[in-house]
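Welcome! Here is a short tour for anyone meeting this structure for the first time.

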Amino acid sequence: MSNNLLKGKRGIISGALDQNSIAWKVAEKAHEQGATFTLTNAPIAMRMGEINKLGEQCNAEIIPADATSMEDLENLFTKSQETLGGKIDFVLHSIGMSPNVRKGKDYGDLNYDWFQKTLDVSALSFHKMMQTAEKLDAMNEWGSILGLSYIAAQRTFPDYSDMAQAKALLESIARSYGYRFGISKKVRVNTISQSPTMTTAGSGVPGFDVFFNYADKMSPLGNADAESCADYCISMFSDLTRMVTMQNLMHDGGFSTSGITDALVEELSK
Ligand SMILES: NC(=O)c1ccc[n+]([C@@H]2O[C@H](COP(=O)([O-])OP(=O)(O)OC[C@H]3O[C@@H](n4cnc5c(N)ncnc54)[C@H](O)[C@@H]3O)[C@@H](O)[C@H]2O)c1
């Protein structure tokens, strides 16, 4: 259903790898709501070619960018403004990757070069995007920038490993840059802390199925899926949320404020 919530708005959406990606659903819904935008992902991720389908479906140009490369990001913001015909109103950072998680490294035996890669890809890239946008003066006033986080930033989930530190950093960057961008351009910056979701990044975490089911039972509304996360992102890009900034917004079906639930008690009593 379209209410044209994003009519006339121009955006950049990163991180759509395949149809399960949260960013994929955000792109579909942004298109439905009248936005025009460019799509971006790491050049390696694009070799799979899936993103081309989304580009056609949403009439969106695809601009490859490794989110850790300042040069790529400059090109992304410059080309996006050229293609879309003006400054940018919304940006989605939907990027996460940990070589330590991917390669099954134990938390007591982390590879520190990989740890730095985790932080660079999953958190510093958020800062890099905003610094690039600011230097190029690429954002429109009252624009909205969003990153996607996970509750492991606040609570320990052992298998999430160094991604927990990356998410804590991501959320901190949202506050610091939100302050700066709020004053200079009235741009708001937030993170959405999403339930476990069946995507490539999500299911890369060991024991994800158990994790997923536990969270589902610990949430009065159940886990929030990618589709509903995309709805929330659209509302955050719309003019209905103009005064929300520097927040980490829980989108988790009630997980973060539940102590225990009947569903979990029932499961544990079996
Ligand atoms: N799936 C979950 O359970 C879950 C829960 C909470 C938060 N999140 C977060 O949501 C975001 C999107 O993840 P997703 O679950 O849709 O998985 P996904 O695997 O579909 O998306 C992750 C994206 O990051 C991209 N990426 C990796 N390295 C990159 C780089 N150097 N430059 C540019 N892009 C790069 C990948 O190509 C991919 O498109 C991530 O930040 C993730 O941590 C996911």
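What follows looks at a pair of packed helices and then at two residues with a positive phi in this predicted model.

**The helix pair**

Two packed helices are described by the angle between their axes and the distance between the axes. Here, helix 6 spans residues 112-135 and helix 7 spans residues 163-185; their axes lie 7 Å apart, at an angle of about 15°. Angles under 35 degrees count as roughly parallel, so helix 6 is roughly parallel to helix 7. The crossing of helix 6 with helix 7 is right-handed.

Which residues bring helix 6 and helix 7 together? From helix 6 come Thr118, Leu119, Ser122, Ala123, Phe126, His127, Met130 and Glu134. From helix 7, they are met by Met163, Gln165, Ala166, Leu169, Leu170, Ile173, Tyr177 and Phe181. Sorted by class, this contact holds eleven nonpolar, four polar and one charged residues.

**Two residues with a positive phi**

Neither Asn4 nor Ser161 is a glycine, yet each has a positive phi, as the table shows.

| Residue | Phi | C-beta neighbours inside 10 Å |
|---|---|---|
| Asn4 | about 55° | 11 |
| Ser161 | about 50° | 23 |

You will find Asn4 in the segment before strand 1 (10-14), while Ser161 sits in the loop between strand 4 (139-149) and helix 7. Is Asn4 buried or exposed? Asn4 counts as exposed because it has 11 C-beta neighbours inside 10 Å, and the cut-off for exposed is 12 or fewer. Ser161 has 23 such neighbours, so Ser161 counts as buried; here the cut-off is 20 or more.

Terms used:
Residues are numbered from 1 along each chain as its sequence is written. This is a predicted model: local features need pLDDT of at least 70, side-chain atom pairs count only at pLDDT 80 or more; totals for chains, interfaces and linings use all residues. Axes are lines fitted to C-alpha atoms, for helices over the stretch in contact, and angles run from 0 to 180 degrees between N-to-C directions. Helices (H or I, at least four residues) and strands (E, at least two) are DSSP runs, numbered from the N terminus. Angles under 35 degrees count as roughly parallel, over 145 as roughly antiparallel, 65 to 115 as roughly perpendicular and the rest as oblique. A crossing is left-handed if the near helix is turned anticlockwise from the far one by less than a right angle, and right-handed if clockwise. Two residues are in contact if their C-beta atoms, placed from the backbone, lie within 7 Å. Ala, Val, Leu, Ile, Met, Phe, Trp, Tyr, Cys and Pro count as nonpolar, Asp, Glu, Lys and Arg as charged, and the others, Gly among them, as polar.
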